[in-house]
Amino acid sequence: RYLVKEMFGPTLQGEGAHAGRACVFLRFAACNLDCTGCDTDFSPEGAVRNSAEEIVAKLRELDTGHTYRVIVTGGEPTLQWDLPLAAAVRGAGFRVHMESNGTRVPAGPVDWLTISPKPQHHPASITLADNLPADEIKVVIDDTVDEAVLDRYAARWRCEHYFVQPWMDARYDRHLARTLALIQARPRWRLSLQLHKIVNVP
């Protein structure tokens, strides 16, 4: 059984290359990082153990628009995503978009992998994983991210989509200004905003 924090929808993907697309969400509890200012409640408190069949049934119930697109996130979803769950969800017709911090290779297949690396929050025991089949890279911008950091990510992961996104905390204006400056300095990187927060959807 899988420790699920919440499943919700119908809603919109708010970030990255698929921003604005209709979808449903599967959010796992638990993460292997403790990022300062994280805006997501992934704590085990209130989470529920679900079987793969129960997860699929709930996603079908939520997907009233028949989008067959599920955003799998956390926490860190690779802690729980495995072959049986991948087979069940994808076998039900869902296209799986996973959002990961890039520290683990998914144990089951996905259809779209977003890597959002945050090594400034890694303990010494955790490093970025090698051989990740990234479809997009999304870097949340704070004072630790500069042009050299972006260059290292672009060299590490070759993909079509590179995004920078200002961290939405008390210093948002500062982070936004830094994000815009980085885009001018490294124009392969594009702006991602948390659209779901702007239009106030879950």
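Which strand is largely enclosed by the rest of the structure, and how many of its residues are buried? Keep that question in mind while you open the model, which is a predicted one, and begin by selecting strand E8, residues 161-166.

**Stop 1: strand E8**

With E8 selected, you have the answer on the screen: 6 of the 6 residues of E8 are buried, and so the strand is largely enclosed by the rest of the structure. Turn the view to look at one side of the strand, where His 161, Phe 163 and Gln 165 sit, and then at the other, where you will find Tyr 162, Val 164 and Pro 166; both faces are covered, and the residues on each of them are buried.

Now add strand E7, residues 136-141, to the selection. E7 and E8 run parallel and are joined by 6 bridges. To follow the pairing residue by residue, look for Val 139, which stands opposite Val 164 of E8, and then for Ile 141, whose bridge partner in E8 is Pro 166.

**Stop 2: the whole sheet**

Widen the selection to every strand, and you will see an open sheet of 9 strands with mixed pairing, arranged in the order E3-E1-E2-E4-E5-E6-E7-E8-E9. At its edges lie E3 and E9, the latter covering residues 190-191, and each of these two strands pairs on one side only.

Go next to the end of the sheet that begins with E3, and select E1 together with its neighbours. E1 and E3 are paired in the antiparallel sense over 3 bridges, and here Leu 3 stands opposite Arg 49 of E3. E1 also runs antiparallel to E2, to which it is joined by 6 bridges.

**Stop 3: a salt bridge between E1 and E2**

Within this pair of strands, select Glu 6 and Arg 27, which stand opposite each other. Their side chains also form a salt bridge, in which the closest N and O atoms are 3.0 Å apart. Because Glu 6 lies in strand E1 (residues 2-12) and Arg 27 in strand E2 (residues 22-28), the salt bridge ties together parts that are 21 residues apart in sequence.

Are the two partners buried or exposed? Glu 6 counts as partly exposed because its relative accessibility is 33%, whereas Arg 27, at 12%, counts as buried.

**Stop 4: more salt bridges**

The pair you have just seen belongs to a longer list, for a search of the whole structure finds 10 salt bridges. Select Arg 156 and Asp 130 for another of them, in which the side chains meet at 3.0 Å, N to O. This pair links distant parts of the chain, since Arg 156 belongs to helix H3 (residues 147-156) and Asp 130 to the loop between strands E6 and E7, 26 residues apart. Arg 156 is partly exposed at 37% relative accessibility, while Asp 130 is exposed at 52%.

Then select Arg 171 and Asp 143, whose closest N and O atoms are likewise placed 3.0 Å apart in a salt bridge. Arg 171 is in the loop between E8 and helix H4, and Asp 143 is in the loop between E7 and H3, so this pair ties together parts that are 28 residues apart in sequence. Arg 171 is partly exposed, with a relative accessible area of 43%, and Asp 143 is partly exposed too, with 29%. As a last item here, select Glu 15, Glu 99 and Lys 138, which are joined into one network by salt bridges that share partners.

**Stop 5: helix H1**

Select helix H1, residues 52-62, and colour its buried residues, which are Ala 52, Ile 55, Val 56, Leu 59 and Leu 62. If you look down the axis of H1, these buried residues fall within an arc of 130 degrees, and they therefore line one face of the helix. The spacing has a general background: an α-helix has 3.6 residues a turn, so residues three or four places apart point the same way.

Rotate to the face of H1 turned away from the buried side, where you will meet the exposed residues Glu 53, Arg 60 and Glu 61. Returning to the buried side, show what surrounds it: the buried residues of H1 pack against E1, E2, E3, E4 and helix H2.

**Stop 6: a nonpolar patch**

Finish on the surface by selecting Leu 180, Leu 191, Leu 193, Ile 198 and Val 199, which form a nonpolar patch with about 410 Å² of accessible area together. Among them, Leu 180 is found in helix H4 and is partly exposed, with a relative accessible area of 41%.

Methods
Residues are numbered from 1 along each chain as its sequence is written. This is a predicted model: local features need pLDDT of at least 70, side-chain atom pairs count only at pLDDT 80 or more; totals for chains, interfaces and linings use all residues. Side-chain values use heavy atoms; hydrogens and water are left out. A salt bridge is a side-chain nitrogen of Lys or Arg within 4 Å of a carboxyl oxygen of Asp or Glu. Helices (H or I, at least four residues) and strands (E, at least two) are DSSP runs, numbered from the N terminus. Buried means under 20% relative accessible area, exposed over 50%, partly exposed in between (1.4 Å probe, protein chains only). Patches are made of residues with over 30% relative accessible area and no salt bridge: like charges are joined within 9 Å, nonpolar side chains (Val, Leu, Ile, Met, Phe, Trp, Tyr) within 5 Å. Accessible areas come from the Shrake-Rupley method with a 1.4 Å probe; for residues, only the protein chains shown count as cover. The arc is that of the directions from the helix axis to the C-beta atoms. Contact means heavy atoms within 4.5 Å. Two strands pair if DSSP finds at least two bridges between them.
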